[in-house]
Structure formats: structure tokens, C-alpha cells
Amino acid sequence: MTIKIGEIIEAATGGFTAQCYELHSPPPFGGLVRVSEGDIDIYAAVADAATTSIEPGRRPIARGGGEEAEGDVFSANPQLEKLLRTDFRAVVVGHKDGGNIRQYLPPRPARIHSFVYICEPEQTAEFTRSLDYLGLLVNAGERSDELIAASLRGAAAANREPREFLVSAGKELAVLLSDDTHRLNSILRRLKV
Amino acid sequence: MQERKLGMVVAGSLTGGVDVRLDGEVSVEDIAVGRYVTIGGRKRRFFGMITDVSLDASDPRMMASPPDVTDPFIAEVIAGTSTFGRLHVLPLMTIGGDAESLLEGPQPVKTVPAHFSAVHDAGEEDVSQVFGQVEERQFYIGTPLDMETKVRLDPAELVKRSNGVFGKSGTGKTFLARLVLIGIIQENAAVNLIFDMHSEYGWQGTSEGGGTVKSLKQLFPSSVAVFALDAESARRRKVSVDSIVEIGYDEIEPEDIAMLRETLGLTEAAVQATYRLARRFGDRAWLQGFLAIDGREGLNALADELGEHEATMAALYRRLDSLRRLKFLVPHARDNAIQSILGYLDRGIHVVLEFGRYTDLAAYMLVANLLTRRIHEKYRERMERATAEDGAKPRPLVITIEEAHKFLSRELAGQTIFGTIAREMRKYNVSLMVIDQRPSGIDEEVMSQMGTKITCLLDNERDIESVLTGVSGKGELKGVLAKLDSRQQALIFGHAVPMPVVVRTRDYGTNESYKELGFRDALEAKRMAEEEARDLFAD
């Protein structure tokens, strides 16, 4: 069963931002999501998620002073669900074109209002059979080390032989980061499950 | 069978050898210098020897802040990627890929394999392709490291030039030399004359463990004769001796004394005086005549007569007088030792001359030099006659000497018969096998003329340098030579093998090994017995 999780509200070749349909339910950090663009499927890794007010100028105010449980804040103020939103940003890691997985950037960015689906474990496993996409993540900017580690942990869980997968991914990283031992070490330490 | 892949070629040159990056799965600790590898180039296969192993890292900062290798995961990831082993391989031979070059067999290398060629452990098949199949009843010296393939050392090729067996003491020089001699006897490549300083080659030798091993006479009773200088010692050791050698004072010439200059501590003036003595007393009577002089007055009178310094004469007398303790020296020998040795050699019987208790250098050098000079002379005469008359040439002769650096030192090599033999190669069908622990003491020219060098462990820098003079890939082989085991391992290179090889020498000393090595004699004995039986019942 494919889970539709949100809708694109900002798109570029290298990544997109999507709004979740449900408040506080972004896909897991580092997890793979999928968007269809014509006859290609774009794959992206969830790089960042945030819950904010729908109006940039209006910050939420604390309302739970008199409540027993945190959930009671929302049941007492049902309008809150409509005043807040959860967005997430994803980094494009490849696409599928005519059944072939390509671990490089797609020809076009996704469209606004495209639906974003969470990748099933089988799809994740299929996509991560090759590890060339790590090259895109290495240069993903801020928090890329965390992102790589989280993405590999997630992919390992979807893989039939998680340890072997992590070792070969680690070796791939060691080659990519051959001139930056500190970074390599910090990622490797985060890969331990 | 596909052999284990070790890695791939990443850099290199023909003169310096190629660098191989080890794959992550291969541990540097499983690699040993001296082992063979094959490199699959695009057009041909290369055959090389590992000459160095090193560690490398892609990022030098790795050394400053090492990763946490106690974690097996991290250790596994970085092995072969961030950190990796590096091999240095000396390419030695190539085997072409097409049918024609397969027929030609392995050729010396003239180029290096292309970038990223795969490197594998050499298999038994590869090794036997290079060294050739060893047929049954053919001599082999041992097997390459960690392999079963036999390495053939062709005795016929070997005896074409002078050869050397080197190694520091206790590394098995004697065992190796004995093996090589057995090979020569087995395949009848030449006839041997062995100057056996420590009585190791005749009847039996000692092994490192303190036991005894059979020697040539026991393996080839009908084709080896043992001569002894010291009848008493032979009797004590219960060695049946074919002949006792005595040397007459009348056989010693001034040249023989000149050779002993250093050993006896003679001055140049004293050596010159011997020539004057020879003129004064006659070539054959000088030593006898000189030693017969009694008292200082007599000596002084002689010095006056010859125009020599009195002190020189006195010193010469003292030194030569010390030769009297050598019991095998007699005023006049009953038998002519040289004729008798030549007689055996002519019949194809190998001669071992045991020195018994006369293990000091003066005795050894005197006898070896004296006999060799005369025998070489005879060989030269015969060879010249044979060439002139187009007749039969004398059998090739291999003369084995120990402590060779004493005979072939820079000062003496130009003067002694051994230097001459080593330099003239096989012009007169005589070649040397020198056994020595101090190759750096041997004259460079002589070293460079040696066809095949078999060397056990050497650790002195100068000795290593000297042994490897004129060998391509010298720098690389140095490391291999210095890292040999001190037992049963030797590096062989030169004329008789297609490429340098580190061998584990074959076992010697077990009944099995004797049977394997002595086969020719057993066969011959059988054939002779059959012949005799035929003769007996012929009529």
C-alpha cells in the first residue's frame, strides 16, 4: 500500500519542499520519498522537517497552562490544527526512467502540487542496490553527514543483509571522502545500529 | 583453478618494479616477500616476485587521528579503502597470450603491465610453466615458497660456468652445496673434485640438529671416491677411504707459498725470497733444502749468498717450518696424488678430498691450490690437444672450494689458479663451485663471472651488495635476501634458472630423500649386475 504523505509546495532540480497532509507526521529523516513527474519517478531523501505557523508573521503562543496532558491542548483548541503546518524538505537522489533506476538528477524538477509518496521497503531496497547516490548526498550542504547516516540506516533496515549493506556503503563513503577522514569517521560512527 | 586475487597495479616502472594496491579482503599479514604473483595485462601475463610490502592510507590525516578500529564495522569499512596494503612486485617474465608465444614459453620482461591490471597469487601451473616441468629422474633443488611445484636446477647448464653458494654460517650452505653436487652426479653433468675442509661431503656430514646425514659416497658408492689427507681421522670416523694423499716437499712451488702469504703472515720480501731459493736449490728441492738448514749461521750464510735480509730469511724459515706439523707433507710422496685423482676423474668418478683434522686455512689453501693448479694444467693440455686434433674433450670438471674469499680475494684473485678458472669460464672445461660466507671478500670481477648464485640468508650489507652485483632488480632482491629464513631457504638466480627464485630446499636426511636422490646409482648397480650376469652366462 502506497502512503501519500504530502504535496509539493516548492520545487527545484536538486530538491523540493512539501507540506504534509497531517500535522506532526513528516516522513522519517533520511527516508526515501517518491514523486511522479510525467513518466519518470523522482526519488528524494527527507533532509529536514519543520512545523510552523501558517502565517510567517504570527508565532504560536503557549496554551497548555491549565491542561493535564499535552494532547488536551489540541482537543481544547481544534482550530490549532488549521493554523499550524508541517513541511519537509527533500534532497533529490535520483529517478526512475522507464524502469531503470538512475542515481543522478532528473531532467526536470517535480511540479508544484505533485503528490509525495513514502517509498515502501521494497522500493527502498531496489533503489539502494547501487550506492552512487551517496555522491549527491555528500554535497547536500548543511547536516549532510546526519542525512547520509540516517538515510543509510533506513536503507539498511529495508535490506535483507543490513550489515553487508552498511559495510559496502561505508566503503563507498571511504572512497568519496578519501581526503576527509574526520568526516568519514563521524559518519561511520553514526552508522552503528 | 582461479587463484586468489590480491589487488591491482597502480604504478610502477620496468626498472623499479610495479606497485600493487591490495584489495580490502586480502590481509597484508598473509603476504610474504619472495612469493610469486601473476599480473594479467591486456595482451600478456606477467610473472613477478613480491619484493616489498607496505601500508598506505588515502588521507595522511588518518595517521594523526586514527579511526576506532576496535569496532569491527569501522575496521571492515576502512580496510582496503581508506587504509590499504601496498605490494611492490618485480616483474620477471612474461607469457604472451597468443599461440605462438605460448610455444616460445616465458620471456624476460621488456615492459610493465597496464594500469589497474589484476594481480593474482601465482598458481602451481604458472610456476611450472616458467620453470618447466620436472620429469621423473630429473634433479630439482626445491619448491618456491608455499608451493608444491618443483624448481629444476639444470646441472648441465649449471656446470657451464662457475657458481657460488653463499650464506652466513648456520644457514645450510653445506646442505645446499651437497644437494647441487648430488644433482651434478645424478645427471652426470660433470665430474666433481671437492676440497672438503670439514669432511662433510665424503662419507657423512653433520646436520644442524647434531645428527649425521649420508653424504655422496653413501649415495653413490660406485661413482664417488674419497681421498683423505688424514688417514687417522678417517679411521676414527670409520670412513672407508679410497686413497690417502701425501704431498711431497718436492711438489711445492714458490707460487704455492705466495698464495699463503696472508695466511702465513709472510712479507712480500719473504715471498720473493722463495723464488730465489728455488733458483738456488732447484725447483723441486728448494723447500726440502731450505728446511734442512740448521742453525742461524747457516741461514745467515744463505741470506748473504742470495742477497736477502737476514731477518727476512729467519722469518721465512720460521713460517715454512710451521708447515712441518702437517703430517701429509713428506719429503717425497710415494704415490703421485695428482695422477691418481686424474685417473679417477677420467673414469667419471667424483673425488672428495677430506682434510680430516687439518682444518686450518694454511693446509687447505696449500693443498687445494697445489692440486688444482696441476689438474688445471693437465686439463688445459688435453683441451688444447683436443681442439687441435678435433679429438674428444676431457669431461667437464667442477672444483668445489670452501672459504673461497681467502682464495679469491682482491689481492689474490689475479694470481691464483682459482681466479684464473673463475675468469676464463669454461675454456678448458673446468669450472668452480665456491662456497663462502663472506662474499664481499671475493674479487668483484670473479663475482660478476659467476653463472649461478645460490644464496642463503645474508645480513651483512656489503655481502648482500656483493652477491647481487650485476643482477637486474638488485634493490628489490636485497630485501628478499635479507628476509630469508635461516633454514632451508635460498634465493637462486643466474644462468641455470629462468628467473630469480626463493626456494624451500628439498628435504635431505630422511630415507625417503636418500632413495629419491640416489636413484642413478641404484639403477646403474642394477644394470651392471645384469651385465655381469649376461657376461657370466654368455658362453
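**Notes on the two-chain model**

1. Of the 193 residues in chain A, 34% are buried (buried means 20 or more other C-beta atoms within 10 Å of the residue's own, exposed means 12 or fewer, and partly exposed is in between, with C-beta atoms placed from the backbone). Bear in mind that this is a predicted model, where local features need pLDDT of at least 70, side-chain atom pairs count only at pLDDT 80 or more, and totals for chains, interfaces and linings use all residues. As for labels, residues are numbered from 1 along each chain as its sequence is written, while chains are lettered from A and ligands numbered from 1 in the order in which they are written.

2. Staying with chain A, there are 7 helices and 7 strands (DSSP runs numbered from the N terminus: H or I of at least four residues for helices, E of at least two for strands). Along the sequence they come in the order β-β-β-β-α-α-β-β-β-α-α-α-α-α. The C-alpha atoms take up a box of roughly 55 × 40 × 30 Å along the principal axes. Among contacts in chain A with a separation of 6 or more, 71% are between residues 24 or more positions apart; a contact here means C-beta atoms, placed from the backbone, within 7 Å.

3. Have a look at helix α6 of chain A, residues 162-176. Its 15 residues should span 21 Å at 1.5 Å a residue, and the end C-alpha atoms are indeed 21 Å apart (the expected span is 1.5 Å times one less than the number of residues). The buried residues of α6(A) include Phe165(A), Leu166(A), Ala169(A) and Leu173(A), and Glu172(A) is on that list too. They pack against α4 (134-138), α5 (144-158) and α7 (181-191) of chain A, and also against α2 (72-78) of chain B.

4. That brings up the interface, where 15 residues of chain B touch 14 residues of chain A. On the chain B side, α1 (61-64) and α2 are the elements giving two or more residues, and α2(B) has the largest share, with 5 residues. By type, that side splits into 6 nonpolar, 5 polar and 4 charged (nonpolar: Ala, Val, Leu, Ile, Met, Phe, Trp, Tyr, Cys and Pro; charged: Asp, Glu, Lys and Arg; polar: the others, Gly among them).

5. Chain B comes in three pieces: domain 1 (5-131), domain 2 (155-246 + 337-524) and domain 3 (249-325), with bounds from an automatic or database domain assignment. The centres of domain 1 and domain 3 of chain B, taken over C-alpha atoms, lie 64 Å apart.

6. Strand β20 of chain B (430-436) is largely enclosed by the rest of the structure, because 7 of its 7 residues are buried. One side carries Val430(B), Leu432(B), Val434(B) and Asp436(B), the other Ser431(B), Met433(B) and Ile435(B), and both faces are covered. β20(B) runs parallel to β10 (163-166) through 4 bridges, with Val165(B) opposite Ile435(B). It also pairs in the parallel sense with β19 (397-402) over 6 bridges, where Thr400(B) has Met433(B) as its bridge partner. Pairing takes at least two DSSP bridges between the strands.

7. Two more chain B helices pass the length check. For α16(B), residues 361-389, the 29 residues should span 42 Å and the ends are 41 Å apart, which agrees. Its buried residues include Tyr364(B), Leu371(B), Ile375(B) and Tyr379(B), and just after the helix Asp390(B) takes a positive phi of about 60 degrees. For α13(B), residues 295-306, 16 Å is expected and the end C-alpha atoms are 17 Å apart, which agrees; Gly307(B) follows, with a positive phi near 70 degrees.

Definitions and conventions: Contact = placed C-beta atoms within 7 Å.
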